[in-house]
Amino acid sequence: MVHSSCDGKGHSIDLTEDDADLTVALSEAIAEIDGIDTNALPPLAETIPGESLEALTDGHKSVIVSFEYCSYQITVHGEQKVELEPIG
């Protein structure tokens, strides 16, 4: 389950062990924040391959991965936390 919060500058998503796929959880969170359907989003794989993102973060709590997607600067902190800051 994805738990999200907003501090006025960006959004923070806390992932639980129930979130089997980081890329799906990320797409669902962006769609919810922007009030659109996940099918309206471009494929995340065009920005960063999902397998690569999962491999970098799976089991590595100290790894930080940052990239741009759908007008957000996204920072993934290990397996448990994702920060989304609007660009622009």
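A residue counts as buried when its relative accessible area is under 20%. With that in hand, helix α2 is a good place to start: G50, L53 and T57 are buried there. These three cover an arc of only 65° around the axis, which puts them on the same side of α2. Please keep in mind that this is a predicted model, with an average pLDDT of 81 for the protein.

**How far to trust the model**
- A pLDDT of at least 70 is reached by 83% of the residues.
- Confidence is highest in β3, at a mean of 92, and lowest in strand β1 (residues 2–6), at 54.
- Where pLDDT is low, the predicted coordinates should not be read in detail.

**Helix α2 and its surroundings**
- An α-helix has 3.6 residues a turn, so residues three or four places apart point the same way.
- On the other side of α2 from the buried residues, E51 and A55 are exposed.
- The cover over the buried residues of α2 includes α1 (22–34), β3 and β4.
- One residue of helix α1 to look at is T23, which touches L44, G50, L53 and E54 when residues up to four places away in sequence are not counted.
- T23 has a relative accessibility of 15% and therefore counts as buried, since the cut-off is under 20%.
- After α2 comes G59, which has a positive phi near 80°.

**Strand β3 and its partner β4**
- In a regular strand the side chains alternate between the two faces of the sheet.
- Strand β3 shows such an alternation: V65, F67 and Y69 point to one face and are buried, whereas I64, S66 and E68 point to the other and are not.
- β3 pairs with β4 in the antiparallel sense, over six bridges.
- Within this pair, E68 of β3 stands opposite Q73 in β4.

**The turn between β3 and β4**
- Two residues separate β3 and β4, and the two strands form a hairpin.
- C70 sits in the loop between β3 (64–69) and β4 (72–77), and S71 lies in that loop too.
- Most residues other than glycine have a negative phi, and most peptide bonds are trans.
- C70 has a positive phi, near 50°, although C70 is not a glycine.
- S71 also has a positive phi in a residue other than glycine, with a value near 65°.
- How open to the surroundings are C70 and S71: buried, partly exposed or exposed? C70 is partly exposed because its relative accessible area is 22%, while S71 is exposed, at 54%.

**The loop before β3**
- K61 is found in the loop between α2 (50–57) and β3.
- With a relative accessible area of 65%, K61 is exposed.
- K61 and H77 are 16 residues apart in sequence, yet their C-alpha atoms are 6.9 Å apart in space.

**A salt bridge**
- How many salt bridges are counted? The count comes to one salt bridge.
- The side chains of K81 and E83 meet in a salt bridge, at 3.8 Å from N to O.
- K81 counts as partly exposed, at 32% relative accessibility, and E83 is partly exposed too, at 26%.

Methods. Residues numbered from 1 in each chain as written. Heavy atoms only, no water. Helix = DSSP H or I, 4+ residues; strand = E, 2+ residues; numbered from the N terminus. Buried < 20%, exposed > 50% of the residue type's maximum accessible area, 1.4 Å probe, protein only. pLDDT = per-residue confidence, 0-100. Arc of directions from axis to C-beta. Contact = heavy atoms within 4.5 Å. Salt bridge = Lys/Arg side-chain N within 4 Å of Asp/Glu carboxyl O. Pairing = 2+ DSSP bridges.
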